[in-house]
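Please open the structure in your viewer and keep the sequence beside it, so that each selection can be followed in both places.

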Amino acid sequence: MHFDTKVVRWGIEPDPSTGAIVPPVYQSATYVLEQVGRNKGFDYTRSSNPTRQTMERCLAGIEGAAHAVAFASGMSAVDSVLKLLSAGDHVVSSDDVYGGVSRLFNQILTRQGLSFTYVDSSEPARVSQAIRPQTRLIWVETPTNPLLKITDLSAIASIADQHDILLGVDSTFATPALLRPLDFGCDIVVHSTTKYMSGHNQLIGGVVLTNNDELADRFHFFQKSIGAVPSPFDCWLTLMGVKTLSLRMERHCANAMKTAKFLQQHPKVARVTYPGLPSHPGHSVASRQMKNFGGMISFELKGGIPAGKKLLNGVRLCSLAESLGAVETMITHPATMTHVDVPRQERLTRGLTDGLVRLSVGIEAADDIIQDLEQALESL
Ligand SMILES: *Cc1c(COP(=O)(O)O)cnc(C)c1O
């Protein structure tokens with residue numbers, strides 16, 4: 001089956017009792033046994049639920065993974081991967097990871113005895129150099145948030161292999177429509193299904209995917225032991241969202257390319273970062289490993305924080321919101337929004353400059369998105 005067919009059909013059969021083409025929502029906490037010791041495959045929804053199982057099968061199919069294990073959020077999915085480790089273990093991580101992920105690593109997991117080294121994983125040599133005898137996991141985000149750095153997954157997978165350590169990839173920005181990290185030798189893939197997978201700003205969810213049976217058993221054990229599970233209704237909404245993943249990603253990518261080109265020639269924009277532009281340092285790796293370049297753009301305004309504030313207050317169609325990966329175009333200014341708590345010097349060292357703006361390009365008409373940015377830029 002082609003990917004475009006899989007997103008619509010994979011793992012979904014007509015409901016056996018009614019023929020309903022849309023799988024029902026099994027909104028039930030528990031399941032009645034036929035007799036002692038005999039159930040119909042389900043006992044308690046924290047352990048398993050038919051709607052969640054349908055979603056897990058569907059997500060595994062489209063990622064090309066043997067197993068998918070669903071969680072209540074992208075963060076609890078990431079946390080479950082780190083639950084594989086024990087006190088004393090060390091992790092080498094991409095330096096430009098999602099803010100919530102670095103908060104989990106630095107403010108919670110370090111207290112539990114894990115340690116982290118952050119490197120620019122777009123340079124594989126830096127990953128190699130950071131590995132210690134205690135390193136158990138390499139954690140990569142590609143493209144990263146918000147600087148859209150690209151990591152060569154084959155290169156990192158061979159480093160991980162060489163040292164016999166796990167490689168986990170947060171593939172939220174790319175989705176399986178554009179990138180399938182397991183094909184490049186990665187062990188674990190994580191998505192915040194809140195973003196492109198469900199796609200409509202309608203829920204919070206996460207999933208962990210792997211081809212490794214032992215790892216999958218451990219993730220299922222974490223799922224039922226910790227209980228950070230998605231509701232059956234959220235699983236159902238995700239199933240509905242995924243059906244249009246291919247179509248949406250096509251439009252997200254096309255709109256982002258047009259918008260990036262528009263911004264690139266605008267006199268009030270100092271720099272545009274989009275992996276689809278040949279000027280992007282990761283362009284050739286992205287062209288090789290991804291099917292297309294995604295819907296996220298960041299750009300640098302001339303005029304720093306005041307310009308950023310003015311632009312964000314000036315947009316009318318673009319929504320001033322902290323999420324990404326949904327049908328609506330959303331715009332954020334890291335210096336005053338997502339990264340306002342990071343000390344300025346640290347922020348600048350990480351490349352999160354005062355005039356940096358992040359755009360999650362939606363699926364509206366590209367001309368409307370561009371016109372909105374144009375009128376807001378005009379006011380600067
Ligand atoms: C949003 C996001 C997360 C966290 O997911 P939630 O569903 O918000 O918990 C993790 N990684 C990336 C790259 C994200 O964009």
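The tour below goes from the whole chain to the ligand, then to two groups of strands.

**Before selecting anything.** This is a predicted model, in which local features need pLDDT of at least 70 and side-chain atom pairs count only at pLDDT 80 or more, while totals for chains, interfaces and linings use all residues. Residues are numbered from 1 along each chain as its sequence is written, and side-chain values use heavy atoms, with hydrogens and water left out.

**Colour by confidence.** With pLDDT, the predictor's confidence in each residue from 0 to 100, the protein chain has a mean of 97, and 100% of its residues reach 70 or more. Among the elements of the chain, which are DSSP runs numbered from the N terminus (helices H or I, at least four residues; strands E, at least two), helix α13 (residues 344-349) has the lowest mean, 90, and β7 the highest, 99.

**Select the ligand.** Of the 14 residues around the ligand (those with a heavy atom within 4 Å of it), G74, D170, S192, T194 and K195 come nearest. By class this shell holds 5 nonpolar, 6 polar and 3 charged residues, where Ala, Val, Leu, Ile, Met, Phe, Trp, Tyr, Cys and Pro count as nonpolar, Asp, Glu, Lys and Arg as charged, and the others, Gly among them, as polar.

Now show the distances to oxygen atoms of the ligand: a polar backbone atom of G74 is 2.9 Å from one, a backbone N or O atom of M75 also lies 2.9 Å from one, and an N or O atom in the side chain of T194 is 2.6 Å from one. The ligand taken alone exposes 380 Å², of which the protein buries 94% (accessible areas by the Shrake-Rupley method with a 1.4 Å probe).

**Select residues 188-192.** This is strand β6, and 5 of its 5 residues are buried, that is, under 20% relative accessible area with a 1.4 Å probe, counting protein chains only. I188, V190 and S192 lie on one side, and V189 and H191 on the other.

Add the partners, remembering that two strands pair if DSSP finds at least two bridges between them. Strand β5 (residues 166-170) pairs with β6 in the parallel sense over 3 bridges, and G168 stands opposite I188. Strand β7 (residues 206-210) is joined to β6 by 5 bridges and runs antiparallel, with V190 opposite V208.

**Finish at the open sheet.** Its 5 strands have the order β8-β9-β12-β11-β10, with mixed pairing; the edge strands, β8 (269-273) and β10 (319-320), each pair on one side only.

Methods:
A polar contact is a pair of N or O atoms within 3.5 Å; within protein, one must be able to donate a hydrogen and the other to accept it, and residues adjacent in sequence count only if both atoms are side-chain atoms. Buried means under 20% relative accessible area, exposed over 50%, partly exposed in between (1.4 Å probe, protein chains only).
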